[in-house]
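Student: Could you take me closely through one part of this model, the side of one chain that touches its partner, and then say what can be said about helix packing behind it?

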Amino acid sequence: MKRRDVKAYFWSGNEACVEAAINVGCRFFAGYPITPATEIAENMSARLPLVGGIFMQMEDELASIGAIMGASWGGKKAMTATSGPGFSLMQETIGWGFMTETPCVIVDVQRAGPGTGQATKCGQGDVMQARWGTHGDYTAISLCPNSVHEIFDLTIRAFNLAEKYRTPVTLLTDEIIAHLREQVFIPPPESIEIINRKKPKAGDQAFFGSEEVAPMPSVGEGFNVAVTASTHDEYGVRFTADPLVHRRMVEKINNKIKKNADDIVETESYNLDDCKVGIVAYGATSRAIYEAVEEAAKKGVKVGYVRLKTLWPFAEKAVQRLAKTADKIIVPEMNLGQVVNEVKRVACTTEVIPLNKIGGGELITPEEILAKIVGGS
Amino acid sequence: MTEVFSSRKYLRDLKYPFCPGCGLFSLSDAFIRAVHELGYEDLSKFVFCSGIGCSSWIPSPYFFADSVHTLHGRSIPVATSIKLVRPDLSVVVFGGDGDIVGIGLNHFIQAARRNTDILVIMGNNMIYGMTGGQVAPTTPFKTKTATSPYGSVEHPLDSAKLAAVAGAAYSARWTTAHLHDLKESIKKALQLQGFRFIEVVSHCPTAYGRRAGFKDIAELLKSFKENAVSVQQAEKMREAELEGKIVVGEIVERKRPTLVENVYAMLKEVQKNAQ
């Protein structure tokens with residue numbers, strides 16, 4: 001690619017998210033105003049009509065998530081954007097999406113909670129909600145960018161994974177990178193990889209519960225598809241009491257994600273096999289680790305890290321490698337300790353040290369991370 | 001020679017799960033007959049959305065058609081977006097009173113306000129039937145249910161009137177004792193545009209009749225007939241006189257620009273100006 005083919009923009013994270021969604025073919029957006037995600041809805045309302053897409057401001061988050069599910073079954077790539085409180089309201093329908101295998105993208109621009117919390121300030125308290133927010137057994141996919149440019153890239157990836165695996169995908173950003181402005185270099189549209197859902201052939205009847213990902217018809221295509229989030233068989237027929245059908249279908253819906261974890265999990269790793277101290281970080285917080293690693297090196301401490309670009313499924317292999325080499329692993333988070341427990345589960349006997357900060361949107365600083373690197377726990 | 005009507009070709013080869021004597025058999029039959037009489041050979045021009053509850057099982061998966069069985073109360077937002085992205089299809093929502101005007105009431109009002117181009121058919125059995133007969137927003141005053149053992153202390157919602165006030169293009173109410181009128185009303189609604197609502201007061205012998213003190217289905221149906229008051233009659237009656245009555249007929253029919261018309265007109269305008 002030549003330099004002149006690449007266009008440079010000065011975007012906020014929320015703007016980058018909208019432009020990426022338009023680029024990847026999102027043609028339906030439904031949302032409800034909420035700080036700090038509102039700019040996504042505002043920009044979508046301006047941008048979508050220009051490309052023939054439909055924007056709907058719905059009456060609440062329950063309606064917004066319902067509408068994107070409907071649009072997806074109508075054959076469109078669809079997205080909604082919200083923050084913690086709205087994300088909580090959407091959880092039931094996100095579970096509907098897992099069970100019906102409906103591709104869609106939910107952007108959660110995290111703010112400080114619980115409750116109304118600090119609506120304009122950054123937090124990272126929704127990471128476990130993204131994994132376990134709805135009831136029942138499912139395997140969630142969540143992506144976690146740490147820069148404006150990465151919001152662009154991972155928004156595209158979120159749609160591609162949603163379409164490839166026929167599942168809701170959460171893009172977990174946060175107030176800091178959503179409102180931050182950075183330069184974004186956009187490649188020409190034809191060089192952006194776009195994945196579209198597998199469509200059925202004439203005569204196909206089985207549209208659900210395949211580990212190979214079943215083809216997805218749209219309504220109005222003549223397939224007489226019966227969509228339900230009640231336990232159903234491959235043909236969409238409800239079986240609300242049969243233990244075998246429930247086991248088979250729910251396990252397959254989980255396995256289609258679990259067995260493809262290597263394809264889904266993306267990390268940025270450094271010094272995994274040659275470090276004394278490890279860091280596992282994600283989102284806005286992970287922007288502080290680079291300086292901490294440099295400063296530690298000056299002091300003669302080798303630090304390695306795993307930055308989780310895919311938060312869920314969890315990057316078990318990379319974190320295991322880090323745990324084998326490092327004597328201790330530091331997990332900085334803008335919550336009171338969520339992903340740290342996942343790291344502990346994977347790291348086994350390696351010491352895992354939480355580094356937590358909440359309130360006022362104050363970032364964890366490189367100095368605070370450095371203090372944990374050189375100091376004790 | 002009279003043509004023998006069969007609903008079979010519109011249905012999947014599955015057995016409805018409703019209790020013996022359920023009013024929803026009549027409602028399903030009235031809809032299928034309406035579709036048949038309008039000349040549809042199959043349901044390929046339709047998409048059905050429903051929520052959770054007995055009425056929501058009418059189309060899903062029993063109609064041989066595309067059906068989207070959503071969560072409790074959320075059928076209308078799903079139907080809204082399906083209609084917006086596929087305006088060529090006729091989108092019909094089936095739901096019960098708890099689904100449409102209980103947990104999903106906000107969506108119902110907003111869809112009427114937007115004049116969203118969908119037909120909502122609400123089987124109103126005046127109770128939460130699937131969960132075993134708890135008081136609903138539609139339960140008549142003083143009725144005994146599983147969660148109002150001393151009689152309901154709340155007054156029921158007039159859903160059809162609410163739809164009319166909120167902006168529906170068409171709103172009507174019938175009962176399962178008015179099947180011919182119901183069928184004709186469905187035929188009419190299917191040919192209109194915008195938000196159309198038909199409330200069908202439906203007999204539920206198992207969860208409602210048993211608790212509310214009705215001996216059998218015949219008694220329930222008889223009470224529907226005896227308490228039915230036409231819209232025209234009701235206009236001359238005082239509010240106190242209407243207590244416990246079921247107002248049947250067409251509450252509103254009006255032409256307003258619909259959501260689909262407005263959205264696509266805006267899209268056209270925006271794209272023209274952008275060129």
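Tutor: Two residues are taken to be in contact if their C-beta atoms, placed from the backbone, lie within 7 Å. In this predicted model, that criterion puts 33 residues of chain B in contact with 38 residues of chain A. On the side of chain B that touches chain A, the elements giving two or more residues are strand S2 (66-69), helix H2 (75-85), helix H4 (105-114) and helix H11 (259-274) of chain B, and the largest share, 8 residues, comes from H2(B). Sorted by class, this side of chain B has 19 nonpolar, 11 polar and 3 charged residues.

Strand S2(B) also takes part in pairing between the chains, since 3 bridges join it to strand S9 (residues 226-228) of chain A, and the two strands run parallel. Within this pairing, Val227(A) stands opposite Val68(B).

Turning to the helix packing in chain B, the axes of helix H1 (residues 23-37) and helix H6 (residues 179-191) come within 9 Å and cross at roughly 50°; H1(B) and H6(B) are therefore oblique to each other, and their crossing is right-handed. H1(B) contributes Ser26(B), Ala30(B), Phe31(B), Arg33(B), Ala34(B) and Glu37(B) to the contact, while H6(B) contributes Leu179(B), Leu182(B), Lys183(B), Ile186(B), Lys187(B) and Leu190(B). By class, the contact of H1(B) with H6(B) has 7 nonpolar, 1 polar and 4 charged residues.

Technical notes. Residues are numbered from 1 along each chain as its sequence is written. Chains are lettered from A and ligands numbered from 1 in the order in which they are written. This is a predicted model: local features need pLDDT of at least 70, side-chain atom pairs count only at pLDDT 80 or more; totals for chains, interfaces and linings use all residues. Axes are lines fitted to C-alpha atoms, for helices over the stretch in contact, and angles run from 0 to 180 degrees between N-to-C directions. Helices (H or I, at least four residues) and strands (E, at least two) are DSSP runs, numbered from the N terminus. Angles under 35 degrees count as roughly parallel, over 145 as roughly antiparallel, 65 to 115 as roughly perpendicular and the rest as oblique. A crossing is left-handed if the near helix is turned anticlockwise from the far one by less than a right angle, and right-handed if clockwise. Ala, Val, Leu, Ile, Met, Phe, Trp, Tyr, Cys and Pro count as nonpolar, Asp, Glu, Lys and Arg as charged, and the others, Gly among them, as polar. Two strands pair if DSSP finds at least two bridges between them.
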